[in-house]
Amino acid sequence: QVQLVESGGGLVQAGGSLRLSCVMSGRTFSNYAMGWFRQAPGKEREFVAGIRWIGASTYYGDSVKGRFTISKDIFKNTAYLQMNSLRPEDTAVYYCAAGYFRTYLGPYDYWGQGTQVIVSS
């Protein structure tokens, strides 16, 4: 019913920036949220950032605070993740998530396929 499509990943050097996009299509509802997670090879999925659609309150994982910014475009049903000052440890597949808001960390109801971010030293 709901589909999420991420884009914007790629290869950058340490200190560089990337902007990820997540377009949500299908039926939506009030009081929902979108979030970003990431997963590096051999590691568990990690929460990166979340945003509530109503009021646009945000929350960030400790490892990205001050470097990443989550935002939204309500007219495009799109969430963005602006990633600055990228570090090699930011290398991961980044996943977009959406769903009724419970907590910023989830649970989320829908997930995208992911977009690869590689940060070289």
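How many residues lie between β7 and β8 in the hairpin that they form? In this predicted model, four residues separate the two strands of the hairpin, and within the turn N77 has a positive phi of about 50°.

The hairpin belongs to a wider arrangement, an open sheet of four strands whose order is β1-β3-β8-β7 and whose pairing is antiparallel. At the edges of this sheet stand β1, covering residues 2-7, and β7, each of which pairs on one side only. From one strand to the next, the twist averages 15°. In general, the strands of a sheet pair through backbone hydrogen bonds, and such pairing may be either parallel or antiparallel.

Two of the pairings can be set side by side, each with one example of residues that face each other across the strands.

| Strand pair | Sense | Bridges | Example of partners |
|---|---|---|---|
| β7 (residues 68-73) and β8 (residues 78-83) | antiparallel | six bridges | K72 with A79 in β8 |
| β1 and β3 | antiparallel | six bridges | Q3 opposite S25 in β3 |

Strand β3, which spans residues 18-26, also contains S21. Is S21 buried or exposed? The relative accessible area of S21 is 14%, and because this value lies under the 20% cut-off, S21 counts as buried. Leaving aside residues up to four places away in sequence, S21 touches V5, E6 and S7, together with W36, and also T78, A79 and Y80. One of these contacts, A79, is the residue already met as the bridge partner of K72, so a reader who follows the structure from the hairpin towards β3 can use A79 as a landmark, since S21 touches A79.

Technical notes. Residues are numbered from 1 along each chain as its sequence is written. This is a predicted model: local features need pLDDT of at least 70, side-chain atom pairs count only at pLDDT 80 or more; totals for chains, interfaces and linings use all residues. Side-chain values use heavy atoms; hydrogens and water are left out. Two strands pair if DSSP finds at least two bridges between them. Buried means under 20% relative accessible area, exposed over 50%, partly exposed in between (1.4 Å probe, protein chains only). Contact means heavy atoms within 4.5 Å. Axes are lines fitted to C-alpha atoms, for helices over the stretch in contact, and angles run from 0 to 180 degrees between N-to-C directions.
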